[in-house]
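Let's take a walk through this structure together. Keep the model open beside you as you read, and pause wherever you like.

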Protein chains: 2
Amino acid sequence: MRSPEALVERFREDGLKVTPQRQAVFSALHGDLTHPTAEIIWDRVRLQMPTVSRRTVYQVLNDLVSLGEVLVVAVDNGPTRFDPNVSLHDHFVCSICASVIDVDSDERSNVASHQTTLSDFPGFEVESVEVVFRGKCSSCASLPPASSKQHDTNTRQK
Amino acid sequence: MRSPEALVERFREDGLKVTPQRQAVFSALHGDLTHPTAEIIWDRVRLQMPTVSRRTVYQVLNDLVSLGEVLVVAVDNGPTRFDPNVSLHDHFVCSICASVIDVDSDERSNVASHQTTLSDFPGFEVESVEVVFRGKCSSCASLPPASSKQHDTNTRQK
DNA sequence: ATCTAGTCAACATCCCGTGTTGATTAGATT
DNA sequence: AATCTAATCAACACGGGATGTTGACTAGAT
C-alpha cells in the first residue's frame, strides 16, 4: 500500500472522492504489519472519528483490495485479514495465538522453481506463490511448558 | 487419512464408538482429492443415510481433524475445506472457480531451506510449511478470452 | 443385559460480512 | 458559489457457516 498521500492521488485519478473516512482508513492501515481484521481497523478509525459506520470501513477496505493497494491474507478460517504490504513476502502463522507475522523470503528463487513444477499442469496459469509457515511464535512457544493437550484443534480464542 | 477399515481400528483404540454414521463419513471422505466442505460431505453421506444430521457430520469431521487423520485446508475465506491427504503436498487455488488442486512437491528440499530462513526468528517453532499457488486452473484459463473486468475481486460465486 | 457414548430433531445463537432504504452530507468540477 | 453526484449514515434485515442446547432415544462395547 502506498502512503496515504499517494492514495489520495490514486483515488482522485480513479474518479473516487477523497473523503475524511477514506483518509482515516488509509492512515489506520498505513505501516501496519499485524494483518488486522476489518473490525480492528474500524475500532482504530473510530478513535479519531467516532461516527464512522462499520459499513463504510468495510467498503473502503474492499475498495483498497480492488485497487490492489491492499492484499487479503487467507491463512485461517477466522475473519478476513488485510495486509498493506503488497511486496513479495511470506507469512508465519502461530497456531496458538493466531498472529500472522511477515517473513521476508530471500529464497524466492527456490520458490520460483515450484512454478516450474506446475508446468506439469498444462493450461494452468500461476499468478502468485505464497509460503505459509505454521507453528508457535516465540511468545507462545515459551509460555506453557507443561499441560499440553494433544490435538486440541477445536480450541479457538475469542 | 487411513482407510475406513483402519479408522475403525483407530476409533476403537481411542475408546470411540464405531457407528454407522462415522463409518459413512469415513467412506464419503476416503480418497477424495477435491477438498470438500462439510456440507458437501453431508450431502454425500445422506445419499446412503438420509436421516443423518448435519450436526453429526460436522462433529465427525472435527473428530477426524482432532485425531490428525484429516487436515483443514485454509486457502480462502469460504467454508472450511477438509483434506484426507495428510502426506506432504502443496495446493493450487483457482481464483475463478475456487477449486483446490493437489500439487505434489518434489522440491520440498527447497522449502526446507525456508525453514532455515526462519532461524532469523529466535524462539519460533516451525511445525509445517505449505506452499499455495494461485492463478487460473486449466478450465477457467481457457473459458472467457475476452470481457475481462479489471480488479473484479468482489465477485464471488455462490 | 447394562452402561454410556452417540445420535437425533428442532431449535437458538454467534460471527462475519453484505444488502437495503431513504435521507443527508460533502467532494469535485464548472 | 452553485451544481451534480458520489459517499456516508443509521438502522435495519439477511445470509452462510458453524456451534451450543435440550431432552429423548438409539445402539456400540463389554
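One definition helps before we start: a polar contact is a pair of N or O atoms within 3.5 Å. Keep in mind, too, that this is a predicted model.

With that cut-off in hand, turn to B:Tyr58, where a polar side-chain atom lies 3.2 Å from a phosphate oxygen of DNA strand D. A:Thr19 also reaches the backbone of this strand, with an N or O atom of its side chain 2.7 Å from a phosphate oxygen. For B:Arg12, the corresponding distance between a side-chain N or O atom and a phosphate oxygen of strand D is 2.8 Å. Two elements give two or more residues each to the surface near DNA strand D: helix H2 (20–29) of chain A and helix H4 (54–66) of chain B. Of the elements there, H4(B) gives the most, with four residues.

Now step back to the whole surroundings of the strand. DNA strand D is surrounded by 19 residues, and the closest include A:Gln21, A:Thr56 and B:Thr80. By class, this surface has six nonpolar, seven polar and six charged residues. Which part of the DNA do they meet? Among the atoms of strand D within 4 Å of the protein, 74% belong to sugar or phosphate, and the rest to bases.

Finally, look inside chain B, where helix H2 (residues 20–29) packs against helix H3 (residues 38–48) at an angle of about 115°, with the axes 9 Å apart. The two helices are therefore roughly perpendicular to each other, and their crossing is right-handed. On the H2(B) side you will find B:Ala24, B:Val25, B:Ala28 and B:Leu29, which meet B:Ile41, B:Arg44 and B:Val45 of H3(B). This contact has six nonpolar residues, one charged residue and no polar ones.

Definitions and conventions
Residues numbered from 1 in each chain as written. Chains lettered and ligands numbered in written order. Predicted model: local features only at pLDDT ≥ 70, side-chain atom pairs only at ≥ 80, totals over all residues. Heavy atoms only, no water. Near = heavy atom within 4 Å. Polar contact = N/O pair within 3.5 Å; in protein donor to acceptor, adjacent residues only side chain to side chain. Nonpolar A, V, L, I, M, F, W, Y, C, P; charged D, E, K, R; others polar. Axes fitted to C-alpha atoms, helices over the stretch in contact; angles between N-to-C directions. Parallel < 35°, antiparallel > 145°, perpendicular 65-115°, else oblique. Left-handed = near helix turned anticlockwise from the far one by under 90°. Contact = heavy atoms within 4.5 Å.
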